[in-house]
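Let's take a walk through a protein chain and see how its parts sit together. Have the sequence and the 3D view open as you read.

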Amino acid sequence: MMTDRERRRLEEERERLVTAVRGLGNLMRGTMVDVAVRCGRPRCGCATGAKHPRRHLSVTLEGRTRTLYLGPARESWLRPLLVEYQRAWALINGLTAVNLALARGVPA
């Protein structure tokens, strides 16, 4: 059984996490992936050797994986959104852990 002190500590932690969730900014789920591609020019070295590196965004929506070539401008615009999503995911995991602990301490 959970002590009153433990319950208060968990409830305070939950409130801190909920406040942090309310402060989340613009975000986007996805992953930046590096791929190697051939450019299609027959005389380019990539036709027979090393391919050109390209960075893409990969996102699965409604069961379909979608990709988008980024380039420097899009990458710099999207990176903060992906970082904010990771922060949101960490907060959600923290809330889940706290609420699970509180649920376990409550008599069924």
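What follows goes from the overall fold to the helices, the strands and the loops.

## Overall picture

Keep in mind that this is a predicted model. The protein chain has two helices and three strands, and along the sequence they come in the order α-β-β-β-α. The radius of gyration is 22 Å, whereas the globule rule gives 13 Å for 108 residues, so the protein chain is more spread out than a compact globule. The C-alpha trace tells you how that looks in space: along the principal axes it spans about 75 × 25 × 25 Å.

How much of the protein chain counts as buried? The figure is 23% of the 108 residues. The accessible surface comes to about 8100 Å², and carbon and sulfur atoms hold 55% of that. As for how the chain meets itself, take the contacts between residues at least 6 apart in sequence: 58% of them join residues at least 24 apart.

## Helix 1 and its two sides

Helix 1 covers residues 4–22. With 19 residues at 1.5 Å a residue, it should span 27 Å, and its end C-alpha atoms are indeed 27 Å apart, so the expected and modelled spans agree.

Which residues of helix 1 are buried? They are L10, L17 and A20. Looking down the axis of helix 1, you'll find its buried residues within an arc of 80°, so they line one face of the helix. That face has a partner: the buried residues of helix 1 pack against helix 2, residues 71–105. Over on the other side of helix 1, D4, R5, E12 and R22 are exposed.

## Two stops on helix 2

E75 sits in helix 2. Is E75 buried or exposed? It counts as buried, because its relative accessibility is 18% and the cut-off for buried is under 20%. The side chain of E75 makes a polar contact with the side chain of R79, at 2.5 Å. Leaving out neighbours within four places in sequence, E75 is also in contact with M32, R55 and L70.

W89 is another residue of helix 2. At 44% relative accessibility, W89 counts as partly exposed. From W89 to G23 is 66 residues along the chain, and their C-alpha atoms are separated by 13 Å.

## Strands 2 and 3

Strand 2 runs over residues 52–61 and includes H56. H56 is buried, with a relative accessible area of 17%. What does H56 touch, once residues up to four places away in sequence are set aside? The list is T31, M32, V33, V35, L68, Y69 and L70. M32 and L70 also turn up among the contacts of E75, so it's worth showing H56 and E75 together in your viewer.

T65 belongs to strand 3, residues 64–69. Here the side chain is out in the open: T65 is exposed, with a relative accessible area of 52%. Beyond residues up to four places away in sequence, T65 touches S58, V59 and T60. With T60 there is a polar contact between the two side chains, at 3.2 Å. For a sense of distance, T65 and M2 are 63 residues apart in sequence and 44 Å apart in space, C-alpha to C-alpha.

## The loops between strands

C46 lies in the loop between strand 1 (31–37) and strand 2. C46 is buried, with a relative accessible area of 1%. Setting aside residues up to four places away in sequence, C46 touches V37, R38, C39, K51 and H52. From C46 to A36 is 10 residues in sequence and 9.5 Å in space, C-alpha to C-alpha.

E62 is in the loop between strand 2 and strand 3. At 80% relative accessibility, E62 counts as exposed. Its backbone deserves a look too: phi of E62 is near 50°, a positive value in a residue other than glycine.

Conventions. Residues are numbered from 1 along each chain as its sequence is written. This is a predicted model: local features need pLDDT of at least 70, side-chain atom pairs count only at pLDDT 80 or more; totals for chains, interfaces and linings use all residues. Side-chain values use heavy atoms; hydrogens and water are left out. Helices (H or I, at least four residues) and strands (E, at least two) are DSSP runs, numbered from the N terminus. The expected span of a helix is 1.5 Å times one less than its number of residues. Buried means under 20% relative accessible area, exposed over 50%, partly exposed in between (1.4 Å probe, protein chains only). The arc is that of the directions from the helix axis to the C-beta atoms. Contact means heavy atoms within 4.5 Å. A polar contact is a pair of N or O atoms within 3.5 Å; within protein, one must be able to donate a hydrogen and the other to accept it, and residues adjacent in sequence count only if both atoms are side-chain atoms. The radius of gyration is taken over C-alpha atoms; the globule rule is 2.2 Å times the number of residues to the power 0.38. Accessible areas come from the Shrake-Rupley method with a 1.4 Å probe; for residues, only the protein chains shown count as cover.
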